[in-house]
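Student: Pick one part of this model and give me a close look at it, please. I'd like one connected story, with the cut-offs behind the terms spelled out.

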Amino acid sequence: MEMDTHAIAPVLDAIKLVREYGYDMVVGKREPVKGDGTRAETFRFGHNLGNTLLTKTFRLLFPVPINDSLSDGE
């Protein structure tokens with residue numbers, strides 16, 4: 001049984017952006033990596049539901065085009 005859902009390798013790229021390029025903050029985007037690539041397979045139901053509700057709330061309150069309020073700005 002696999003417990004983690006996100007690869008650790010991209011963290012090295014984020015650290016490089018901070019150390020070498022002086023970024024103050026780096027935000028990663030969670031992407032599905034299992035099966036057919038659907039969020040349902042990678043993220044648990046409760047997490048999907050909570051994130052969906054939170055994202056929709058943010059989109060109602062703020063005019064920003066986000067798809068995942070907990071990780072990306074797209």
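Tutor: Here's a short overview, then a close look at helix α3 and what surrounds it. This is a predicted model, so keep the filters in mind: local features need pLDDT of at least 70, side-chain atom pairs count only at pLDDT 80 or more, and totals for chains, interfaces and linings use all residues. Residues are numbered from 1 along each chain as its sequence is written, while side-chain values use heavy atoms, with hydrogens and water left out.

First, the backdrop. The protein chain has three helices and zero strands, in the order α-α-α along the sequence. Helices here are DSSP runs of H or I with at least four residues, strands are runs of E with at least two, and numbering goes from the N terminus. Of the 74 residues in the chain, 12% are buried. On that scale, buried is under 20% relative accessible area, exposed is over 50%, and partly exposed is in between (1.4 Å probe, protein chains only). The accessible surface totals about 6,200 Å², and carbon and sulfur atoms account for 61% of that. Those areas come from the Shrake-Rupley method with a 1.4 Å probe, and for residues only the protein chains shown count as cover.

Now zoom in on α3. This helix covers residues 45-61. Its 17 residues reach 24 Å from first C-alpha to last, close to the 24 Å expected at 1.5 Å a residue; the expected span is 1.5 Å times one less than the number of residues.

Which residues of α3 are buried? They are N48, N51 and T55. Looking down the axis of α3, these buried residues fall within an arc of 75 degrees, so they line one face of the helix; the arc is that of the directions from the helix axis to the C-beta atoms. Turned away from that buried side is a face carrying the exposed residues F45, L53, K56, L60 and L61.

Take T55 from the buried set: it counts as buried because its relative accessibility is 5%. Setting aside residues up to four places away in sequence, T55 touches I66, N67, D68 and S69, where contact means heavy atoms within 4.5 Å. S69 sits in the segment after α3. With its neighbours within four places left out, S69 is in contact with N51, L54, T55 and F58. The C-alpha atoms of S69 and T52 are 8.2 Å apart, with their positions 17 residues apart in sequence. D68 also links to another part of the chain: its C-alpha is 8.2 Å from that of K29, 39 residues away along the chain. K29 belongs to the loop between α1 and α2, and K29 is partly exposed, with a relative accessible area of 41%.

Back on α3, L54 is partly exposed because its relative accessibility is 33%. L54 joins F58, L60, L61, F62, V64 and L70 in a nonpolar surface patch with about 690 Å² of accessible area together. Patch members have over 30% relative accessible area and no salt bridge; like charges are joined within 9 Å, and nonpolar side chains (Val, Leu, Ile, Met, Phe, Trp, Tyr) within 5 Å. A salt bridge, in turn, is a side-chain nitrogen of Lys or Arg within 4 Å of a carboxyl oxygen of Asp or Glu.
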